[in-house]
Amino acid sequence: MSVQQTPNGFSLDDSGQRVVVDPVTRIEGHMRCEVNVDENNIIRNAVSTGTMWRGLEVILRGRDPRDAWAFTQRICGVCTGTHALTSVRAVEDALNIQIPENANSIRNIMQLALQAHDHLVHFYHLHALDWVNPVNALKADPKATSELQQKVSPHHPLSSPGYFRDIQNRLKKFVESGQLGPFKNGYWTNPAYLLPPEADLMAVTHYLEALDFQKEISKIRAIFGGKDPHPNWLVGGVPCAINLDGVGSVGGLNMVNLNQVSAIIDQVRDFVNHVYVPDLLAIAGFYKGWTYGGGLASMNVLSYGDIPDRANDYSTENLMMPRGAIINGNLKQVHEVDLRDPEEIQEFVPHSWYKYPDESKGLHPWDGITEADFQLGAKTKGTKTDIREIDESAKYSWIKAPRWRGHAMEVGPLSRYIIGYAKGDKEITEQINFVLKTLDLPVTALFSTLGRTAARGLEAQWAADKMRYFMDKMMANIKAGDSSTANVESWDPETWPAETKGVGFTEAPRGALGHWIRIKDTRIANYQCVVPTTWNGSPRDQQGNIGAFEASLMNTKVERAEEPVEILRTLHSFDPCLACSTHVMSEDGQELAKVKVR
Amino acid sequence: MSSTRPSVNDVNRPQPNVLILGIGNLLWADEGFGVRAVETLQQWYRYPDHVRVMDGGTQGVYLVQEVREADILIVFDAIDYGLSPGTLKLIEGEAVPKYLGVKKISLHQTGFQEVLALAEMMGDYPEKLLLIGVQPVEIEDFGGSLHPKVKTKIGPAIEQAIAFLSEQGVVMSRREKPMTSDILSSAISDMTRYEHERPPPEQACRLGDERVLLSGDYQVGHRPVSLEGSAMSVGLDQHLNKYRSQSGS
């Protein structure tokens, strides 16, 4: 090809210089990205490759469905709980198990805690350094930083000039000793960084505060799940009993534990409201002109919805996190989404390293096939073991291409917020309007990398408020005499039908997550996970539609091809999650990413 | 955010916080060594309240808090030191690598080295640190358990930990009979059950990504990586000690 039109409206041109960004680490090398830039350094073709086979589906075959959650939560190093929750929901759906109200409240609080936790950690510890330049922070005037802090967040107590001076001195010591610590090897002289030194210093300071604060949130999972990391889950409810008068941890959840959760929820709300969201607004104010990265967001977005208000009701009306699909940017129409309908969600593999009997057709996950087929196209440069340039006209990724009614979709916080906004959800609309008004931006500004980053922060705020709602709801329910947390009526496999199937879904921090299960003779016959990054990181499909990552990079101007901070900025805004599987300590450290310009 | 703490050797100080941490992925054969070691230790030993034994699994940045709170940290993990497969190796104190980088694609690339580096940056690095590692025999056996050669290293690895703690005045006592593993998650946390219920290879492919398997980049073996140029790793230790003593509050 030279220039090619995709059905979903993009013009791909692979004639320019190829830039390859590949985190080729042996340790967690799961994603690679190649783009072509034209003579003005504008991205004209983008190719996203998942470089590792997850294969979780196959190791679950033949196992007890009640155990599946324990395996699925080991898929990932961050979002363990959301996989476990999705798994128990799938099994409960298959076996028609109703869970108690308290179990629903506890699960929601754990899921919301994960949302807030993940968004916070993502922003400060993965994404912030795409916008914030810690080296530039050395030039800041601590007094002016203090004034800036008090202006952007008057209620945050840590704002004295002395405080910022101390942090700046710590930072200076890193730099003067020739080491930048966590900030080494950034592109700190790149003109893509736009913040004044004071804003950089404020943000770096909050990087440290966030790292310190985030530990509180995980205590919520430890209290409800018995331990953390890897809390316990239970098909039929939650594994913790409620015994308000109990003492210590032996008698289950007591008032001491519940008061602790309640206090943490208040701290999360304070941190998000007084640090995270003000930082977002302050940083976004300087990057208003950087409008790249929208990709599919202005066209096709999808959410399964989550956070059922009443237990066991997974209808759209009962889900507090909105469900729906928007096609071709028509915000006036939000389509219903049905995870059971074989015509809606289908996975395609013409460009994925999998084999189907007929690859012109997609398969619904209940009928999904996971059979590896690694082969490279004729135009590949390099070898199977050292791919220098991938051939995207052939199979080129370990990620399948899921489609909703044939459309490539973006999932994640921005999708959820666009759908909530289109549906007129009161809280979401108010949050979005507040941000747009503060920054003096039109609604179309949402469809961008920054919009994605902002939606994540707003959702952390929303999640913290909803944790309070479910905490209060559960306390009222317990006081009314209901302390039930699990329904074990269908625990015995002898009560199960010979064959059944189910689907469980959540909205994980990074987007729509579904597990589809088939149970035969009390064992797992087929298990398919479609994870958020399967949607966003999807390769091309049969028709040539590009996926969300690919679309988001298109037409972005890169200041320096050899320092593609813009590519990282946009990919990071999705909080990409590919199988996090292994880490082996090595003597010489790890190579995290290579950038090659060819 | 840094703190001055009494030395571990100070007789008047309160009991040190001890964290015994196993990290790795149970689903990837010998990658599960660290987690299996702490499970075994948990089942066979009694320990005082100031000792915590934790399955850190594949968690990254969320473990920073745990490391910061520890005065004495023992980590069990699979290591790649280019040793002959199945070799047990102890790495102590400053010799434990801690590197960190920013050009990550995914948050999940936070390896344990980065956890250590972040803890150090926050000024709360453990005073005593021991990494008990084993060079894996087999990693690319998805859904598999520990290789027999690695499994036999669990006992000696635990003995090393007990001896190290004993030097620090922390007493662990062996039980007559082991406690049973957590019933709720026993499909995975009970190694015998995990192995027994594994689907046969014709039903469930056990190999990972062929590209990963064949590539020299992915081979478990000694592969020096330059810390200059495009590699994004850095050690933080020496200068931070100086820094800590100056800013202790």
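These are legends for a handful of close-up views of a predicted model.

**View 1. Chain A as a whole, before zooming in.** Chain A brings together 14 helices and 18 strands. Of its 598 residues, 59% are buried. Sequence-distant pairing shows up a lot here: take the contacts between residues at least 6 apart in sequence, and 72% of them join residues at least 24 apart.

**View 2. A:E57, one of the annotated positions in chain A.** UniProt, in an unreviewed entry, puts a "binding site" feature at A:E57 and A:H583. This view sticks with A:E57, which sits in helix α1, residues 56-59 of chain A. Why does A:E57 count as buried? There are 21 other C-beta atoms within 10 Å of A:E57, and the cut-off for buried is 20 or more, so A:E57 makes the grade. Leaving out residues up to four places away in sequence, A:E57 touches A:T370 as well as A:Y527, A:Q528 and A:C529.

**View 3. B:E31, a loop position in chain B.** The "binding site" feature that UniProt lists for this chain, again from an unreviewed entry, covers B:E31, B:D77 and B:H108. B:E31 falls in the loop that runs between β1 (18-23) and α1 (33-44) of chain B. Buried or exposed, then, for B:E31? Buried, because B:E31 has 28 C-beta neighbours inside 10 Å.

**View 4. B:D77, a strand position in chain B.** B:D77 is another of the residues under that UniProt "binding site" label. Here the backbone belongs to strand β4, residues 72-80 of chain B. B:D77 is buried too, because 23 other C-beta atoms lie within 10 Å.

**View 5. Helices α3 and α4 of chain A, packed against each other.** A packed pair of helices is described by two things, the angle between the axes and the distance between them. For α3 (residues 80-95) and α4 (residues 101-127) of chain A, the angle is about 145° and the axes are 9 Å apart. Which way does α3(A) cross α4(A)? The crossing is left-handed.

**View 6. The residues where α3(A) and α4(A) meet.** On the α3(A) side, look for A:G81, A:T82 and A:L85. Facing them from α4(A) are A:R107, A:M110, A:Q111 and A:L114. Sorted by class, this contact has 3 nonpolar, 3 polar and 1 charged residues.

Technical notes: Residues numbered from 1 in each chain as written. Chains lettered and ligands numbered in written order. Predicted model: local features only at pLDDT ≥ 70, side-chain atom pairs only at ≥ 80, totals over all residues. UniProt positions renumbered as here; feature names shortened; annotations may be inferred. Helix = DSSP H or I, 4+ residues; strand = E, 2+ residues; numbered from the N terminus. Buried ≥ 20, exposed ≤ 12 C-beta atoms within 10 Å, placed from the backbone. Contact = placed C-beta atoms within 7 Å. Axes fitted to C-alpha atoms, helices over the stretch in contact; angles between N-to-C directions. Left-handed = near helix turned anticlockwise from the far one by under 90°. Nonpolar A, V, L, I, M, F, W, Y, C, P; charged D, E, K, R; others polar.
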